[in-house]
Amino acid sequence: MTQVLLDTDIGTDVDDALALALLIAEPDVDLVGVTTVHGHAPLRAAIARSLLDVSDKRRVPVVAGRSTPLRRSSVEGFHWNEMWGHEGAGVLSDAERQVPDDDPTREDAARFILDAAGRARDPLAVLTVGPVTNLGLALQMEPGLADALGRVTIMGGLVERHMVAWPASFETNLNSDPLAAAIVLGSGLDITLVPLEVTLQVYLDRADRDRLATDGGPVSQRLVRLITEMREPFLAFAAKYGLDGSHFDERTYLHDPLAVHAALGGTHTTLRDASIAVEFEGQILRTIDHPERRPNMRVCSAADGPAFVAEWMDAVVAV
């Protein structure tokens with residue numbers, strides 16, 4: 001039984017919810033907690049709670065963390081903020097979506113990470129599928145945390161820039177909080193990085209979504225509603241920025257579920273040793289591979305998309 005803590009910005013893109021559903025479905029995962037981050041962490045916590053409450057993981061604690069980054073992206077007009085507004089629609093009532101955010105710099109999630117690492121029977125596996133603000137703050141509060149954690153799997157970064165047609169600033173998770181990214185990736189943690197260029201190869205199609213709707217259990221039904229609510233905002237976003245080939249009308253990308261798969265030692269990803277440094281190209285944070293240097297983490301370099309999607313579907317449709 002693997003003890004896992006999930007840190008997530010669930011709610012804007014549905015992939016965080018799809019990742020949480022996979023953790024709910026995995027019988028060999030002891031989900032010790034879910035922490036939320038970025039934008040409106042209490043609202044994101046309510047979304048996570050709504051999924052857990054209709055599963056057998058309803059007793060898993062959910063802790064809202066920081067809504068604001070340690071340092072904001074310096075990219076002018078950082079695009080991700082424009083996507084906010086539909087979070088929780090389809091799974092929360094209008095009143096539930098009005099949850100206040102009266103302490104956007106709260107340390108609760110960082111302290112929860114520290115406490116969970118101290119309580120874990122084995123080194124705690126941490127999975128971050130949003131900005132790494134909470135983990136970066138925890139490392140600032142307790143630099144020795146790096147020695148207490150097990151593998152840290154991060155969905156984020158853009159290593160093979162040539163594989164993605166979109167601007168590099170559209171890598172969101174690390175660019176949303178560049179200071180936290182520098183802290184975490186430079187901490188000496190046992191890191192596996194699952195970057196954007198690989199996760200874009202893995203997605204649900206209409207047939208998969210139809211199967212979730214017709215055959216899925218209570219968690220799957222909520223996923224379908226979240227997918228439906230994000231469709232129009234994402235199509236408008238793609239049109240505004242000219243994201244040719246985004247396929248948001250046909251595809252639901254499994255960015256974060258693929259990171260779960262990698263974190264749990266799944267067989268449908270290929271990992272390689274790499275030496276990754278956080279560097280800036282103008283205002284944009286980049287994860288640059290320096291093959292001439294000693295490796296400091298593993299990078300997911302490829303994925304068998306159809307095989308993983310089939311495995312994800314079989315697992316999640318049952319919950």
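Visitor: How much space lies in the second largest pocket?
Guide: This is a predicted model: local features need pLDDT of at least 70, side-chain atom pairs count only at pLDDT 80 or more, and totals for chains, interfaces and linings use all residues. Residues are numbered from 1 along each chain as its sequence is written, and side-chain values use heavy atoms, with hydrogens and water left out. On a 1 Å grid over the protein atoms alone, a pocket is an open set of points with protein on both sides within 12 Å along at least five of seven lines. With points joined across faces, edges and corners, and volume taken as the space filled by probe spheres set on them, the second largest pocket holds about 160 Å³.

Visitor: Which residues are the closest to the centre of the second largest pocket?
Guide: Lining residues have an atom within 4 Å of a point. Twelve residues line the second largest pocket. The closest to its centre are His38, Pro69, Arg72, Asn81 and Trp84.

Visitor: How many residues of each class are in the lining of the second largest pocket?
Guide: Ala, Val, Leu, Ile, Met, Phe, Trp, Tyr, Cys and Pro count as nonpolar, Asp, Glu, Lys and Arg as charged, and the others, Gly among them, as polar. By that scheme the lining has four nonpolar, seven polar and one charged residues.

Visitor: Is His38 buried or exposed?
Guide: His38 sits in the loop between strand E2 (29–36) and helix H2 (41–52); helices (H or I, at least four residues) and strands (E, at least two) are DSSP runs, numbered from the N terminus. His38 is not a glycine, although its phi is positive, about 80°. Buried means under 20% relative accessible area, exposed over 50%, partly exposed in between, with a 1.4 Å probe and protein chains only. The value for His38 is 6%, so this residue is buried.

Visitor: Which helix supplies the largest share of the lining of the largest pocket?
Guide: The largest pocket has about 230 Å³ of space. It is lined by 14 residues, and Arg209, Ile227, Thr228, Arg231 and Thr252 are the closest to its centre. Helix H8 (206–215) and helix H9 (218–241) each supply at least two lining residues. The largest share, six residues, comes from H9.

Visitor: How does the lining of the largest pocket divide by class, and what are the counts?
Guide: Three classes appear in this lining. The counts are six nonpolar, two polar and six charged.

Visitor: Which residues does Ser220 touch, not counting those up to four places away in sequence?
Guide: Ser220 is found in helix H9. Its relative accessibility is 0%, so Ser220 counts as buried. Contact means heavy atoms within 4.5 Å. The partners of Ser220 are Leu212, Val316, Val317 and Val319.

Visitor: What is the volume of the second largest cavity?
Guide: A cavity is a set of points where a 1.4 Å probe fits but cannot get out. The whole structure has four cavities of 30 Å³ or more. Ile10, Gly11, Thr12, Asp13, Val14, Ala17, Ile47, His86, Leu226 and Met230 line the second largest one, with six nonpolar, three polar and one charged residues. Its volume is about 50 Å³.

Visitor: Which residues touch the most other members of the largest nonpolar core?
Guide: A nonpolar core is a set of buried Ala, Val, Leu, Ile, Met, Phe, Trp, Tyr and Cys residues joined through side-chain atoms within 4.5 Å. The largest has 69 residues. The members touching the most others are Leu20, Leu31, Leu223 and Trp312.

Visitor: Which residues is Thr128 in contact with, leaving aside neighbours within four places in sequence?
Guide: Thr128 is found in strand E4 (residues 124–128). At 0% relative accessibility, Thr128 counts as buried. Its C-alpha is 9.2 Å from that of Asn173, 45 residues away in sequence. The contacts of Thr128 are Asp7, Leu135, Thr153, Ile154 and Met155.

Visitor: Why is helix H4 described as largely enclosed by the rest of the structure?
Guide: Helix H4 spans residues 133–141. Its buried members are Thr133, Asn134, Leu135, Gly136, Leu137, Ala138 and Leu139. The helix is largely enclosed because the buried residues number seven of the nine.

Visitor: What radius of gyration does the protein chain have?
Guide: The chain has eleven helices and twelve strands, and 58% of its 319 residues count as buried. The radius is taken over C-alpha atoms, and the globule rule is 2.2 Å times the number of residues to the power 0.38. For 319 residues, a compact globule would be near 20 Å; the chain agrees, with 18 Å.
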